[in-house]
Amino acid sequence: MDFLGIYTLINNTDDFTETLNNLGYNMRESEFLDFKVLVDLILETKCMSYFDLVEYTGNFTFGFEILRIGKEFDLLRLGKNYNINIEIKNSSSSDKKRKQIETGAYYLKSLETPTLYYSFDVEEESILFGDPLEDNISFRTIGLDEMVERIKDQEVDYTMDIRKVLTPEQFLVNPFTDTDLFLEHKYFLNAQQQNIFNDIIDDISKSDLSPVAIEGGPGTGKSLLLYSLSNYLNNKESIIVHSGNLNYGHDELIEHKFNIYPAKDVKKIDYSDIKYIFIDEAQRTYIHQLNTLFEIADDLDIKLLFFFDPKQTFSEDESGSKNKEMIVDYTKEREGRYSKLGKSVRSNHKIVEFINQMFQFNINDIKTIENLNQEVIIKYYNSFEDFLGHESKIIFNDYALIGYASSRYKKDKYFKYSSYGLPHDTVGQEYDKVAVIIDKDFHYKGNKPKTTYRLNAYNDDAYYSGVKMLYNNVTRAREKLFIAVVDNPEVYSRLLSLVDNI
């Protein structure tokens, strides 16, 4: 629909917001009313006639949002010669308008054609123009007629689907697996992460040493938020305690002056000049290590910042729920901040939905995952040798195949075929494609009415829980998850019931 059609609906329809939203124009009532101000001005100044509005303003996307990222664009249209992004602001400072344009430019620079950026101020009826140069944006205030001429001169690309060219996977950065992008600051925090970031920095500016507890599930961006905060602060005054094996990403970050230590070394660290301690994967920190950190922080007036997911543990010695209770109690007693990050922003939502049911489901309430793009691949093999003969070369080349740990000291029987080591080696990391093996060690156990089924492992009484390790492994996947089921038809059948289009 062109500007005139939308403008007409706003003027003549009582429930225009609902009507336009149902037609795919995703803005709030106040935003549509601000858009009306822009069209009023175009008509009043005669920059465009009614006929021009019909001829030149079609195919704009209203309120486009990059899913899972949270970045929104008010008006966006793709073109063969250039793209146009128009943001409509009401009572916004010049700095905020520039920042919004710069943020939009970060995402839109991935498009093949350059983008022209406009910020229309409803109160002032003025336009800030952002002209894209090679490495930055040049800003100047322009007249409405100049923006209108650019709209008229754009060669609209009617073949491009904005939802297919701006996908969340292009912008999701993990400090460990996308370390170069992180170090080059080629990332943005989503709205929730940025709000938490701002609150913590605001507390620090007021010399508030009360603790912070951040809870979040797999892929919610805990590590990115943590390392962004640490990077913002003076690295000489902050350290990161990681409750797991340090990985290659950690090694590279250490080379760039990040102070990162494994949790086992908490009693060996020199805390004399430290103001902030970040504890990553705090749910896996042993109780005596947590108590040590509590004591050190209280004695030396150090601010503790905990980042944790109580479900991500491997053994009974790592009690995620107990750790959460201790961390939250410690934080609340000292009037600190406790925040919970929302849905996964990293993993494909279909993979997330599949995993949510994979470990427990009710046969009367299965939400079958539409799997047209093969986000989840489930294949059956009579034996492990059969798997090696059919798929291993493809899997080892394209996927992160993560193994299991049989005990504290022993590798599992598939470890030598694992391309990315044990679950302990992958804590906090994500990979585009992940592969796992499910053999006869796993089974589904139903409740007495045989309606709810929970995935179990016969070695769950071992030092490391098979189900907990499997959960860690599958939640590392961002785009594709390959499950090789070996000699286990019962589990294979159950998994198939969760997914269409295998």
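Contact here means heavy atoms within 4.5 Å. With that in hand, helix 17 can be said to lie across strand 16 and strand 19 in this predicted model, and its direction makes about 155 degrees with that of strand 16.

Those two strands belong to an open sheet of four, ordered 14-19-16-15 and paired in parallel fashion. Strand 14 (376-381) and strand 15 (400-401) sit at the edges; each has a single partner strand, so one side of each goes without a neighbour in the sheet. For strand 15, the pairing with strand 16 (residues 431-438) is parallel and runs over two bridges. One residue of note is Ala 400, whose bridge partner in strand 16 is Val 434. Helix 14 packs on this sheet as well, touching strand 14, strand 16 and strand 19 (477-486). Its direction is at about 40 degrees to that of strand 19.

Next comes an open sheet of three strands, this one antiparallel and in the order 13-18-17. Strand 13 (360-362) and strand 17 (442-446) are the edge strands, each pairing on one side only. From one strand to the next, the twist averages 25 degrees. Strand 13 and strand 18 (residues 452-457) run antiparallel and are joined by three bridges. Across that pairing, Asn 362 stands opposite Thr 452 of strand 18.

The helices already met turn up again on this sheet. Helix 14 (residues 349-358) lies across strand 13, strand 17 and strand 18, at about 85 degrees to strand 13. Helix 17 (residues 466-474), for its part, lies across strand 17 and strand 18 and runs at about 100 degrees to strand 18. Helix 14 thus has contacts with strands of the three-stranded sheet and with strands of the four-stranded one; for helix 17, the strands touched are 17 and 18 in the former and 16 and 19 in the latter.

Moving to another part of the chain, helix 6 (residues 144-153) has Leu 144, Met 147, Val 148 and Ile 151 buried. These residues span an arc of only 100 degrees around the axis, which puts them on the same side of helix 6. The general background is simple: an α-helix has 3.6 residues a turn, so residues three or four places apart point the same way.

Finally, there is a loop residue to look at. Asn 174 lies between helix 7 (162-165) and helix 8 (179-183). Its relative accessible area is 1%, so Asn 174 counts as buried, the cut-off being under 20%. The Asn 174 side chain reaches the backbone nitrogen of Thr 177 at 3.2 Å.

Notes
Residues numbered from 1 in each chain as written. Predicted model: local features only at pLDDT ≥ 70, side-chain atom pairs only at ≥ 80, totals over all residues. Heavy atoms only, no water. Buried < 20%, exposed > 50% of the residue type's maximum accessible area, 1.4 Å probe, protein only. Arc of directions from axis to C-beta. Pairing = 2+ DSSP bridges. Axes fitted to C-alpha atoms, helices over the stretch in contact; angles between N-to-C directions. Polar contact = N/O pair within 3.5 Å; in protein donor to acceptor, adjacent residues only side chain to side chain.
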